[in-house]
Amino acid sequence: MAILNGTHLTDVKPAVDAAVESLNSSLRELNRQIWSNPELAYHEYKAHDTICDFLEKQGFTVTRHAYGLETAFEATTGSGGRLVNFNAEYDALPGIGHACGHNLIATSSITAFLALSFAIKKFGIPGRTQLLGTPAEENGGGKAQLIEAGAYKDVDISLMGHACVHELFPGVVSDGIAGTYMNARKKLFCEFTGVSAHAGGNPWDGVNALDALVASYNNVSVLRQQIKPDERIHCAFLDTPKVANIIPHYTKAIWQARSPTLKGLNQLVARVRNCIEAASLATGCEVNIVEDELYKDVRLNETLCERYQSHMQAYGRNVLKDHEKVMTASSDIGNVSYVTPTLHTMFAIPASKGAYLHHSSFAEAAGKDEAHEEAIAVGKSLALTGWDMLTDNEKFEAAHNQWRASVQE
């Protein structure tokens with residue numbers, strides 16, 4: 001265990017526990033307000049204001065609407081030394097609210113920020129901590145936008161936790177997994193432009209944009225037979241004809257491609273583009289393809305996973321250090337993991353049988369007191385992991401060496 005200025009980690013944990021316990025009722029109310037008012041990507045105005053008001057009430061200086069994003073915020077404490085970042089997500093899903101438990105992500109990261117800030121001040125160590133409000137994780141890639149705006153440029157370590165069920169993978173039951181691989185993902189918007197004509201009178205004068213759209217879908221459907229089992233391709237038609245007697249001149253669709261690695265994703269996206277462009281060639285339509293919202297795969301960090309696992313064990317939670325299976329989900333925290341050593345842990349909450357992420361039953365579970373208590377334990381463990389990174393040079397260097405090796409793979 002790390003020792004700095006005569007301070008032992010065994011002294012830090014009870015101090016952190018006491019500090020968090022004194023704020024637990026306020027944190028529960030904060031959690032409840034976010035959960036009760038679900039908001040979609042880049043429209044998390046209530047969550048933004050609620051969290052900022054709470055932090056300012058605790059005496060922190062908060063930058064609202066940070067880094068050019070209306071619903072992002074930043075709070076920092078400490079001076080000198082390394083900078084540990086915590087990420088608070090709070091966007092919800094259309095129609096099913098906080099079915100991904102982002103109210104719990106926000107709660108755990110806020111708890112971690114409060115706890116580590118308290119420890120830095122109480123024990124007089126050099127070091128800084130940053131809480132970033134990161135909007136639009138579900139859609140929009142808020143963290144990618146924040147990276148481009150410079151929000152992570154001085155961050156030495158990035159930490160956060162994400163709620164899940166106890167059986168995250170079939171047959172694997174635990175209180176969570178410290179490190180989980182997640183797919184890289186990219187969106188492709190495609191527009192087909194043809195020539196309108198009367199479908200009964202002179203169809204030969206038309207160039208059918210619907211045919212191009214359908215052909216592109218069929219091409220990708222054939223491609224699915226030739227992709228790897230852990231790769232995914234999804235599609236939604238955004239603009240299609242509303243009448244049947246006109247050769248349509250315009251259609252639009254959105255595609256998502258997923259692969260376990262960034263390299264694999266780039267290869268898959270190239271193949272999807274070929275399918276779309278082939279439909280354009282076959283029908284004579286022009287096509288415009290715009291690639292957007294790259295979510296990179298998550299680079300695991302063994303040191304951060306080990307430290308977090310150890311701290312959660314001290315709180316009575318049986319957490320696996322990692323798991324070799326890749327989650328088919330994607331997150332913009334993957335982009336952060338290419339910038340700095342990152343922990344994106346999954347923590348289990350009590351939920352009804354059959355509940356899973358992005359299901360209405362998980363939204364219900366995420367609002368309960370039992371889920372809040374798990375988020376609090378995670379927040380304290382994240383804070384203690386941050387303490388390790390501020391005070392233990394050996395572990396800090398190990399984390400950075402592992403990160404440098406992982407991003408070069």
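1. Start with helix α4. Its buried residues pack against β5 (83–88), β6 (127–133), β7 (157–164) and α8 (333–337). The helix spans residues 142–149, and the buried positions are G142, K143, A144 and L146. A lysine, K143, is thus listed among the buried residues of α4. Just past the helix, G150 has a positive phi of about 95°.

2. The overall picture. This is a predicted model. The protein chain carries eleven helices and 18 strands. Its C-alpha atoms fill a box of roughly 85 × 40 × 40 Å along the principal axes. The radius of gyration is 23 Å, and this agrees with the value near 22 Å for a compact globule because the chain has 409 residues. Of those 409 residues, 56% count as buried. Among contacts with a separation of 6 or more, 79% are between residues 24 or more positions apart.

3. Helix α3 deserves a look. It covers residues 102–123, 22 residues in total. From first C-alpha to last it reaches 31 Å, close to the 32 Å expected at 1.5 Å a residue. Is it enclosed by the rest of the structure, or open? Largely enclosed, because 19 of its 22 residues are buried. G124 follows α3, with a positive phi near 65°.

4. The largest nonpolar core has 88 residues. The members that touch the most other members are I51, L55, F73, F86, I110, Y308 and I349. Helix α3 supplies the largest share of this core, with twelve residues. In soluble globular proteins, nonpolar side chains tend to be buried together.

5. Take F86 as a sample of that core. Leaving aside residues up to four places away in sequence, F86 touches S109, A112, F113, L116, T129, Q130, L131, L132, L159, L382 and A383. Polar residues appear in this list too, including S109, T129 and Q130. A second core is separate and has 24 residues, among them C190, F192, W255 and V269.

6. Which strands flank β11? Strand β11 runs over residues 184–193 and is mostly covered, with seven of its ten residues buried. It joins β15 (residues 250–259) through ten bridges, and the two run antiparallel. R185 has R258 of β15 as its bridge partner. Strand β11 also pairs with β16 (residues 286–295), again in the antiparallel sense, over eight bridges. Opposite T193 stands E286 in β16.

7. Salt bridges. The whole structure holds 21 of them. D49, D53, E56 and R64 are linked in a network. The pairs in the next points are worth checking by eye.

8. D17 and K13. Their side chains meet in a salt bridge at 3.1 Å, N to O. Both lie in helix α1 (residues 9–36), and they are separated by about one helical turn because they are four residues apart. An α-helix has 3.6 residues a turn, so residues three or four places apart point the same way. D17 counts as buried because its relative accessibility is 18%, under the 20% cut-off. K13 is partly exposed, with a relative accessible area of 23%.

9. E277 and R273. This salt bridge has an N to O distance of 3.6 Å. The two residues sit in helix α6 (residues 262–283), four residues apart, so about one helical turn separates them. What are their exposure classes? E277 is partly exposed, with a relative accessible area of 34%. R273 is partly exposed as well, at 24% relative accessibility.

10. E302 and K321. The closest N and O atoms of this salt bridge are 3.4 Å apart. The pair links distant parts of the chain, 19 residues apart. E302 belongs to helix α7 (residues 302–314), and K321 to strand β17 (residues 320–327). E302 is partly exposed at 48% relative accessibility. K321 is partly exposed at 26%.

Terms used:
Residues are numbered from 1 along each chain as its sequence is written. This is a predicted model: local features need pLDDT of at least 70, side-chain atom pairs count only at pLDDT 80 or more; totals for chains, interfaces and linings use all residues. Side-chain values use heavy atoms; hydrogens and water are left out. The expected span of a helix is 1.5 Å times one less than its number of residues. Buried means under 20% relative accessible area, exposed over 50%, partly exposed in between (1.4 Å probe, protein chains only). Contact means heavy atoms within 4.5 Å. A nonpolar core is a set of buried Ala, Val, Leu, Ile, Met, Phe, Trp, Tyr and Cys residues joined through side-chain atoms within 4.5 Å. Two strands pair if DSSP finds at least two bridges between them. A salt bridge is a side-chain nitrogen of Lys or Arg within 4 Å of a carboxyl oxygen of Asp or Glu. The radius of gyration is taken over C-alpha atoms; the globule rule is 2.2 Å times the number of residues to the power 0.38.
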